[in-house]
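Student: I should like to understand the terms used for a ligand site. May we go through them one at a time?

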Amino acid sequence: MNFNQLKEKHIEIFGGNIDELRTFSSPGRVNLIGEHIDYNGGFVLPAALTLETIIIAGPRDDERLGLAATDLDVLVKADFDKIDDYRNLDWGNYQIGVAYELMDAGYKLKGCNLLYHITVPFASGLSSSASIEVATLLALLSMANDAPIIVDDEFKKMASLISQKAENEYVGVNCGIMDQFASAFGKKDNCILLDCKTLEFRLIPLHLKYNKIVIVNTNKNRSLAHSKYNERRAECDEGLETIKKELPNITCLADVSVEDFNVGDFAFSSETIKKRVMHVVYECDRVTKSVEALEGGDIATFGRLMNESHDSLRDLYEVTGIELNTLVDEARKIEGVLGSRMTGAGFGGCTVSIVRTDCVDNFVREVGKKYVEIIGYEASFYVSEIGDGCRERVNE
Ligand code: GLA
């Protein structure tokens, strides 16, 4: 659906005048490396996709928020003065959570109707939720402001933090900052090297030469993902407390170097905790090496680091599963694949692979065939472009 068709749909659902409608968007993301590192205070390397949440926004003359979506038969109406009451909605709680957190932070909102058109596949590990949150935040503040919002770095930082807070506190999912930050700050053809401890970042041009980024969705139902995610966070917290007894100056697991880890004598309560910590320590090291490789144009080394990252997430962090492992194992057998790993939280979701452009068709055919044979249902493939972050879409 193009923007004009979306505007017509908005009028069909909410009524009103087409000239008053405005369009906003914010993308999903793929994380290239640095997995389960954001909440451990280290560096991550995500990139925004051209898959995105598009919002068509129109004014209302009352103090309510109207929400609808192009692919769902839902119409939610939320009152600003009862904004705390919508936490358990099946759909709409992420959006209302953003309104809640904005109001809590002192922003004055105005009633508006928002129609969502979301091209980020749902529950895929490509951060559809962060794209919804950041797009909603931009739409709500823009509709409440007479002058257009200036979407500069300061605004994007605020947008990421408030969106994360909505997800943590209103929705109750304890995510880190990576997804919202990538959605807000994305830049076409760049990845973002983000220091999750300080929120300082640097854009790194993604010159993949003769290669493409191919994302494959396991299409696995991820209903247990939230509880497993929170379990990993708790295990990391426990590992950190143990290490602090020997190294009192560290503030997060990302502060522990590979050398510290190898020479240290830490009394971890179990082998499991030790494995979780080991993943974090080595994954941080891989991010540093990946940046060197990418900046030096050494895509082959970057591909190897991606492979090592997946193996660590499979064996040490234990967040993969047969679906992700099958995609990665089959990908690595295909000619022209430089590296392949899971991306995002895991437990299903997507893999990301770097594939030589002339080998992509064969990759899609062969990995797709093997996946159906082994898993019993189909995977979905996206040859992805790296796109821009949140913005108002004017004259498109
Ligand atoms: C999810 C979370 C992120 C991050 C990743 C794992 O996407 O939302 O904050 O922790 O998992 O790297």
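Tutor: The residues around the ligand in this predicted model are Arg29, Glu35, His36, Asp38, Tyr39, Cys175, Gly176, Met178, Asp179, Tyr229, Gly344 and Ala345.

Student: What makes these residues the ones "around" the ligand?

Tutor: The cut-off is a heavy atom within 4 Å of the ligand; Arg29 and Tyr229 are among the residues listed on that basis.

Student: How do you know that the ligand has a polar contact with the side chain of Tyr229?

Tutor: A polar contact requires a pair of N or O atoms within 3.5 Å. An oxygen atom of the ligand is 2.6 Å from an N or O atom in the Tyr229 side chain, so this pair qualifies. A polar backbone atom of His36 is 2.7 Å from a ligand oxygen, and a backbone N or O atom of Ala345 lies 3.5 Å from an oxygen atom of the ligand. Of the 310 Å² of accessible area that the ligand has on its own, the protein covers 93%.

Student: Where does the ligand sit?

Tutor: The ligand occupies the largest pocket. The term "sits in" applies because more than half of its atoms lie within 2 Å of the grid points of that pocket.

Student: How is the shell around the ligand divided by residue class?

Tutor: The shell has five nonpolar, three polar and four charged residues.

Student: Which domains supply the shell?

Tutor: Domain 1 (3-205) and domain 2 (211-232 + 273-383) each contribute at least three residues. The centres of these domains, taken over C-alpha atoms, are 26 Å apart. Their contact takes 29 residues from domain 1 and 34 residues from domain 2.

Notes
Residues are numbered from 1 along each chain as its sequence is written. This is a predicted model: local features need pLDDT of at least 70, side-chain atom pairs count only at pLDDT 80 or more; totals for chains, interfaces and linings use all residues. Side-chain values use heavy atoms; hydrogens and water are left out. A polar contact is a pair of N or O atoms within 3.5 Å; within protein, one must be able to donate a hydrogen and the other to accept it, and residues adjacent in sequence count only if both atoms are side-chain atoms. Accessible areas come from the Shrake-Rupley method with a 1.4 Å probe; for residues, only the protein chains shown count as cover. On a 1 Å grid over the protein atoms alone, a cavity is a set of points where a 1.4 Å probe fits but cannot get out, and a pocket is an open set with protein on both sides within 12 Å along at least five of seven lines; lining residues have an atom within 4 Å of a point. Ala, Val, Leu, Ile, Met, Phe, Trp, Tyr, Cys and Pro count as nonpolar, Asp, Glu, Lys and Arg as charged, and the others, Gly among them, as polar. Domain bounds come from an automatic or database domain assignment. Contact means heavy atoms within 4.5 Å.
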